[in-house]
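Visitor: I am new to this structure and would love a close look at just one part of it. Could you pick a helix and walk me through what surrounds it?

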Amino acid sequence: MHKKSIILAAILMALAAGLATTAFGQHRSMGFGHNNAWMLKHMAKQLNLTDAQKTQIKGIMADEKTRIKPMMQQLRQNQQAENANVNGSFDENQARTFANKQAQLMTDLIVEKEHMRSQVYAVLTPEQRQKALQLMQERQQHRQERVKKQTEQKQQSK
């Protein structure tokens, strides 16, 4: 009976890991080029960008989208391949290979995103950079407050 429980737990963990990775990949993808038009419009309004800056940033974002598209496809293909291999048995080496590949792809995407951010930052004036940093700090604080509130609500509901 104990062996069956361990096997069942391993299967459930593998399925949960696959679902979590899929959800993480879908959630994170929002930061990788999908909302560039909205982001540019928001930046233009908040930072009072000139037309020349808008044009430069639009080009930077278009280049980023071109560079990350193959990485996003690889991320999805790797996830689909892992989902196709679910067969009721657990292979730690296979799981580690999948996890390492996903981690490398996410690393590459994050590096690309940071590269784009540095290019956009270089287009901004010193005043716009200061304002952008302030807005990012406010957004981070808002996000932390929202997470704290959600955590408190979960604890209260238990």
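Guide: Here is a short tour of one helix, α4, and its partners.

Please keep in mind that this is a predicted model. Helix α4 covers residues 92-123. Let us begin with the nonpolar core: the largest one has 13 residues, and V120 is among those with the most contacts inside it, along with M43, L49, I57, M61 and L124. Helices α2, α3 and α4 each supply at least two of its residues, and α2 gives the most, with four. Beyond its neighbours within four places in sequence, V120 touches M43, I57 and I60. Another core, of seven residues, lies apart from that one and includes M106 as well as M71, M72 and L75.

Next come the charged pairs. R67 of helix α3 and E112 of helix α4 are 45 residues apart in the chain, yet they form a salt bridge whose closest N and O atoms are 2.5 Å apart. E112 is buried, at 12% relative accessible area, while R67 is partly exposed at 32%. Within α4 itself, E92 pairs with R96 at 2.9 Å, and these two are four residues apart, about one turn of the helix. E114 and R117 form a further salt bridge, at 3.0 Å.

R117 also takes us to the neighbouring contact: with Y121 and A122 of α4, R117 meets R129, L133, M136 and R139 of α5. The residues of this contact comprise four nonpolar and three charged ones, with no polar ones. The axes of α4 and α5 come within 9 Å and cross at roughly 135°, so the two helices are oblique to each other.

Technical notes: Residues numbered from 1 in each chain as written. Predicted model: local features only at pLDDT ≥ 70, side-chain atom pairs only at ≥ 80, totals over all residues. Heavy atoms only, no water. Core = buried A, V, L, I, M, F, W, Y, C linked by side-chain atoms within 4.5 Å. Buried < 20%, exposed > 50% of the residue type's maximum accessible area, 1.4 Å probe, protein only. Contact = heavy atoms within 4.5 Å. Axes fitted to C-alpha atoms, helices over the stretch in contact; angles between N-to-C directions. Parallel < 35°, antiparallel > 145°, perpendicular 65-115°, else oblique. Nonpolar A, V, L, I, M, F, W, Y, C, P; charged D, E, K, R; others polar. Salt bridge = Lys/Arg side-chain N within 4 Å of Asp/Glu carboxyl O.
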